[in-house]
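Here's a quick tour for anyone new to reading protein structures. Have a look at the picture first, then work through the notes below.

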Amino acid sequence: MLQTRMPALFLGHGSPMNVLEENTYTKSWRRLGEKCPEPKAIVAVSAHWYTPGTAVTAMDAPRTIHDFGGFPQALFDTRYPAAGSPELASQIAKILSPIDVQLDGDWGLDHGAWGVLIKMYPEANIPVVQLSIDGTKPPSWHFELGRKLAVLREQGVMIVASGNVVHNLRMLRRQGETEAWPWATAFNQYVRDNIDWQGPTADHPLVNFMRHEGAALSNPTPEHFLPLLYILGARAEDEAVSVAVDGIEMASISMLSVLVGDISRSAHP
């Protein structure tokens with residue numbers, strides 16, 4: 001198949017239990033894996049590698065990181081043995097220059113990365129590198145990083161970012177009344193309403209997401225929201241952007257997933 005621009009994805013990853021379960025969200029991720037053109041490699045951007053500075057995994061065989069606790073043993077026994085790509089890691093460092101990108105030999109793939117990829121590509125047959133999120137930088141910086149990374153999409157590389165646009169663990173409702181909080185619903189809708197926005201980065205409603213009245217409760221810390229900005233930044237002018245799946249779990253976790261690109265003409269069935 002003639003190589004086309006690869007799609008870019010933001011997946012609301014939610015609970016690590018999605019690895020073991022089949023539900024509306026995991027089925028959506030699986031369909032995306034089936035419908036998207038097969039990438040030659042994946043760049044994963046996960047909320048769970050939140051660092052001072054920027055790093056990219058540069059090992060041949062990244063380890064599966066089980067960065068959670070209190071879940072069934074079966075989850076800890078699960079591995080995602082995708083290969084790494086030191087070559088792609090070095091290319092990313094050059095693309096992002098003059099940012100000082102550390103070629104990391106330690107981290108691996110955390111559950112924000114492998115937890116969704118295991119549904120999309122269960123055979124783990126596509127090389128994956130993971131890019132960290134620099135927690136010292138403003139939202140506009142992350143959006144612009146997405147713009148720089150967009151060139152990889154023309155080379156058969158898929159960008160898969162993972163987080164949750166509403167992520168407030170202190171406000172979870174686990175039993176009984178699980179209806180979403182009004183502020184969570186309002187902020188989630190605000191994101192939906194603005195994923196297709198085009199204009200200067202400085203004016204982008206989602207780059208300026210903290211101006212929304214529900215943002216502080218929806219994102220007490222920003223690391224789960226920022227991955228979305230990489231995907232929106234990587235979007236080409238006038239390129240299609242759509243919601244792949246949506247929902248709010250336990251009242252304060254948004255499972256919104258966003259697709260940049262048109263996969264309707266994919267060669268996959």
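Which residues are buried in α1? They are Y25, T26, S28, W29, L32 and G33. Keep in mind that this is a predicted model. The notes start with that helix, move on to a second one, and then pick out some rings and loops.

**Helix α1**

- Helix α1 runs over residues 24-35, and its 12 residues should span 16 Å at 1.5 Å a residue. The C-alpha atoms at its ends are 16 Å apart, which agrees.
- Now look down the axis of α1: the buried residues fall within an arc of 155°, so they line one face of the helix.
- What sits on top of those residues? The cover over the buried residues of α1 includes β1 (8-12), α4 (111-120), β7 (241-245), β8 and β10 (257-260).
- Check the start of α1 too, where a side-chain oxygen of N23 comes to within 3.0 Å of the backbone nitrogen of Y25.

**Helix α6**

- Helix α6 has 13 residues, 182-194. From its first C-alpha to its last it reaches 18 Å, close to the 18 Å expected at 1.5 Å a residue.
- Its buried residues are W183, A184, F187, N188, Y190, V191 and N194. They cover an arc of only 155° around the axis, which puts them on the same side of α6.
- Flip to the other side of α6 and you'll find P182 and D193, which are exposed.
- The buried residues of α6 pack against two helices, α7 (215-218) and α8 (226-233), and against two strands, β8 (248-249) and β9 (253-254).

**Aromatic rings**

- The structure holds seven aromatic pairs. One of them is F187 with Y190, a tilted pair at 5.9 Å centre to centre, with 40° between the planes.
- Where do these two sit? Both F187 and Y190 lie in helix α6, three residues apart, or about one turn of the helix.
- Here's the general idea: an α-helix has 3.6 residues a turn, so residues three or four places apart point the same way.
- Are F187 and Y190 buried or exposed? F187 is buried, with a relative accessible area of 0%. Y190 counts as buried as well, with 18%, because the cut-off for buried is under 20%.
- The pair also belongs to a bigger group: F187, Y190, F209 and F225 form one aromatic cluster.
- A charge meets a ring elsewhere: the charged end of R173 sits over the ring of W181, 3.6 Å from its centre.

**Two buried loop residues**

- A82 has its place in the loop between α2 (73-77) and α3 (86-95). Despite being in a loop, A82 is buried, with a relative accessible area of 2%.
- Leaving out residues up to four places away in sequence, A82 touches P62, A124, I126 and V128.
- You can also compare A82 with V43: they are 39 residues apart along the chain, and 12 Å separates their C-alpha atoms.
- S252 is found in the loop between β8 and β9. This residue is buried too, with a relative accessible area of 0%.
- Which residues does S252 touch, not counting those up to four places away in sequence? The list is V166, H167, N168, M171, L172, W181 and W183.
- Two names on that list may ring a bell: W181 has the charged end of R173 over its ring, and W183 is one of the buried residues of α6.

Terms used: Residues numbered from 1 in each chain as written. Predicted model: local features only at pLDDT ≥ 70, side-chain atom pairs only at ≥ 80, totals over all residues. Heavy atoms only, no water. Helix = DSSP H or I, 4+ residues; strand = E, 2+ residues; numbered from the N terminus. Expected span 1.5 Å × (residues − 1). Buried < 20%, exposed > 50% of the residue type's maximum accessible area, 1.4 Å probe, protein only. Arc of directions from axis to C-beta. Contact = heavy atoms within 4.5 Å. Phe/Tyr/Trp six-rings, centres within 6.5 Å; stacked < 30°, edge-to-face > 60°. Lys NZ or Arg CZ within 6 Å of the ring centre and 35° of its normal. Polar contact = N/O pair within 3.5 Å; in protein donor to acceptor, adjacent residues only side chain to side chain.
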